[in-house]
Amino acid sequence: MPHFEDFYAAKLRGALGVTDAESVLDLRGANRATAEASLKDMLERSRFAKGKTVAIRLDPPPEGGGETLFQPAGRLLLDAKRRGLIERLHTLPAQDGLGFYVALAGRAERTPM
């Protein structure tokens, strides 16, 4: 089996991150209501545009533990994936911090009649 450079091996493993995304939605420092509104807005807008990839960045857990936006954001994104708005969803690689890499499905192509 040939050996791959780390860059290509990471792509095969699915470790797409911030540098691979077409845009970044930075929710670090946002409260839960603002973050959920931003995610819903992104998903709604994606229904009328071509598909694209987005890296969603979140705050790491505070010192000593505590709540993050990871679980509520993940649930919202997973629900969107089930509804067909998202084609690909996975967490960001460790070096990019906490967050998700999302491939939005975009507007469905119309077939000529």
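## Salt bridges on the helices

Let's start with Asp79, which counts as partly exposed because its relative accessibility is 35%. Its salt-bridge partner is Arg83, with the closest N and O atoms 3.2 Å apart. Arg83 itself is exposed, with a relative accessible area of 53%. Keep in mind throughout that this is a predicted model.

That pair isn't alone: a search of the whole structure turns up five salt bridges. Another of them links Asp41 to Arg45, where the closest N and O atoms are 3.0 Å apart. These two sit four residues apart in helix H2, so about one helical turn separates them. Asp41 is partly exposed at 37% relative accessibility, while Arg45 is exposed, with a relative accessible area of 58%. Then there's Glu44 with Arg47, whose closest N and O atoms are 2.7 Å apart. Glu44 has a relative accessible area of 38%, so it's partly exposed, and Arg47 lands in the partly exposed class at 39%.

## Helix H3 and what it packs on

Helix H3 covers residues 70-82. Does its length add up? With 13 residues at 1.5 Å a residue, H3 should span 18 Å, and its end C-alpha atoms are indeed 18 Å apart. Just past the helix, Gly84 takes a positive phi of about 90°.

The buried residues of H3 are Pro72, Ala73, Gly74, Leu76, Leu77 and Ala80. They pack against H2, E2, E4 and strand E3, which runs over residues 86-91.

## Two nonpolar cores

As a rule, nonpolar side chains in soluble globular proteins tend to be buried together. Here, the largest nonpolar core has 18 residues, and Leu39, Met42, Leu43, Ile56 and Leu77 have the most contacts inside it. The elements giving two or more residues to this core are helix H2 (32-46), strand E2 (53-57), helix H3 (70-82) and strand E4 (99-104).

What does Leu43 touch, not counting residues up to four places away in sequence? The list is Leu76, Ala80, Leu85, Ile86 and Leu104. Two of those residues, Leu76 and Ala80, belong to the buried set of H3.

Apart from the largest core lies another one, of six residues, including Leu16, Val18, Leu92 and Tyr101.

## Strands E1 and E2

Strand E1 (residues 23-26) and E2 run parallel, joined by four bridges. Within this pairing, Leu25 stands opposite Ile56 in E2. Ile56 is also one of the residues with the most contacts inside the largest core.

Bring H2 into the picture and you get a β-α-β unit: E1, H2 and E2 together, with a right-handed arrangement.

## A closer look at Tyr101

Tyr101 sits in strand E4. Buried or exposed? Tyr101 counts as buried, because its relative accessibility is 5% and the cut-off for buried is under 20%.

Leaving aside neighbours within four places in sequence, Tyr101 is in contact with Leu16, Gly17, Asp20, Ala21, Thr53, Val54, Arg88, Leu89, His90, Thr91 and Leu92. Leu16 and Leu92 are also among the residues of the six-residue core, as is Tyr101. Tyr101 and Val24 are 77 residues apart along the chain, yet their C-alpha atoms are separated by 9.2 Å.

Notes. Residues are numbered from 1 along each chain as its sequence is written. This is a predicted model: local features need pLDDT of at least 70, side-chain atom pairs count only at pLDDT 80 or more; totals for chains, interfaces and linings use all residues. Side-chain values use heavy atoms; hydrogens and water are left out. A nonpolar core is a set of buried Ala, Val, Leu, Ile, Met, Phe, Trp, Tyr and Cys residues joined through side-chain atoms within 4.5 Å. Buried means under 20% relative accessible area, exposed over 50%, partly exposed in between (1.4 Å probe, protein chains only). Contact means heavy atoms within 4.5 Å. The expected span of a helix is 1.5 Å times one less than its number of residues. A salt bridge is a side-chain nitrogen of Lys or Arg within 4 Å of a carboxyl oxygen of Asp or Glu. Two strands pair if DSSP finds at least two bridges between them. A crossover is right-handed if, with the strands pointing away from the viewer, the path from the first strand over the helix to the second runs clockwise.
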